[in-house]
Each structure stands twice: as structure tokens, then as C-alpha cells.
Amino acid sequence: MQIQPIQNEYEKEIVDLILNIQQKEFNVPVTLEDQPDLLDIENFYFKPGGTFLGAFIDDKLVGTIALVKFNDEAGAIRKMFVRKEFRGKEFGIAQKLLEELIAYSQKNGVKNLYLGTVSILQAALRFYEKNGFITIPKEALPNDFPLMKPDNVFCQLTLKPTK
């Protein structure tokens, strides 16, 4: 498996991966029009200091994770998706994607990571809790946190500075 920063040259693969999981697998009522960031990864993620990572197996995109850096010391995790057939401990793709994103965040001065998700994604919530995230009320989010309409559960992780 290879993890690398990806941009809109992978737009079709990114959109296919994410929309299929959101709409078909989990019935989350979200469309491509609700997610204009997917069609402008460079400006939405990279320019403000974030990143968009893809995991590849045999040159096929099997997972994504992104960081929206929304102020100097905080970022929001977005677009954490792994194809169903590549999920689980035997592949470890989600874990590796999260570790890469945390390392990137620490190197780039992010002190707190936040995320929003939907309550039906229980496996995702357990995964984040296992990785040290704590559930917080919506009111505890920073004022500049980029909210997504469907999100109803919010988590936060305080990062340790790198030496």
C-alpha cells in the first residue's frame, strides 16, 4: 500500500469512492453538489495549509483522508473513507491514513484536530475513540470550525508537539 498527497487529477476516483460509500453504503443524504470541495481540492485543502491523502493498492484508490486547516493551530479531518473490501485490521488502511494525517498536522503546527461525523457511522466513532479522540458537544467546537450539514457527532484530539 502507498499513501500520497492527491489532488484533482484523481477527481473521478475520489468522487466515485466517497459518493458510493456515503450514498449507497450508508444512505447519507449528501450529493456531490453538497461537497464542492471534491471538485477543488487544491484551493479547499492545500492552499490554506491542509492536505488530501490517498491510499493506493495496485494503483487503485482504496482510501482517502483530508485535513482542512481552518486556523493556525486547528484542523478538521474530512473525507475519511476506505473501500468496504479494504477495511479492517488486516489491511490497516484507515489507521495508516490517520497516522499520516496526524504526522502532517504536527509538522505544520496544528495543535488540535476536530471532526464531525454522523451517528450512524458507529464503527468510525469507535475507530476515532480508539485513537484518542474524545466526543465533544457541538457548542465546544471552535467558532471557525467548518461545519458540514449532515454531521451530528463531533470529536477532538489534542496533538502532542513533535520534538
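This is a short tour of a predicted model, moving from the whole chain to a set of strands and then to one helix.

**The whole chain.** Select residues 1-152. The UniProt record, an unreviewed entry, lists this range as "domain: N-acetyltransferase". Over these residues the chain is 30% helix and 27% strand. The C-alpha atoms at the two ends of the range lie 32 Å apart.

**Strand 3.** Now select residues 60-71, which form strand 3. Ten of its twelve residues are buried, that is, under 20% relative accessible area, so the strand is largely enclosed by the rest of the structure.

**Strand 2 beside strand 3.** Add residues 51-57, which are strand 2. Strands 2 and 3 pair in the antiparallel sense, with seven bridges. To see one bridge, show Leu53 and its partner in strand 3, Ile65. Two residues lie between the strands in this hairpin, and Asp58 there has a positive phi near 50°.

**Strand 4 beside strand 3.** Next add residues 74-82, strand 4. Strand 4 runs antiparallel to strand 3, and seven bridges join them. Show Thr64 and you will find Phe81 of strand 4 opposite. The link from strand 3 to strand 4 is a hairpin of two residues.

**Helix 3.** Finally, select residues 93-107. This helix has 15 residues and spans 21 Å from first C-alpha to last, close to the 21 Å expected. Which residues of helix 3 are buried? They are Ile93, Leu97, Leu98, Leu101, Ile102 and Ser105. These cover an arc of only 165° around the axis, so they sit on the same side of helix 3. An α-helix has 3.6 residues a turn, so residues three or four places apart point the same way. After helix 3 comes Gly109, with a positive phi near 80°.

How values were computed: Residues numbered from 1 in each chain as written. Predicted model: local features only at pLDDT ≥ 70, side-chain atom pairs only at ≥ 80, totals over all residues. Heavy atoms only, no water. Buried < 20%, exposed > 50% of the residue type's maximum accessible area, 1.4 Å probe, protein only. Helix = DSSP H or I, 4+ residues; strand = E, 2+ residues; numbered from the N terminus. Pairing = 2+ DSSP bridges. UniProt positions renumbered as here; feature names shortened; annotations may be inferred. Expected span 1.5 Å × (residues − 1). Arc of directions from axis to C-beta.
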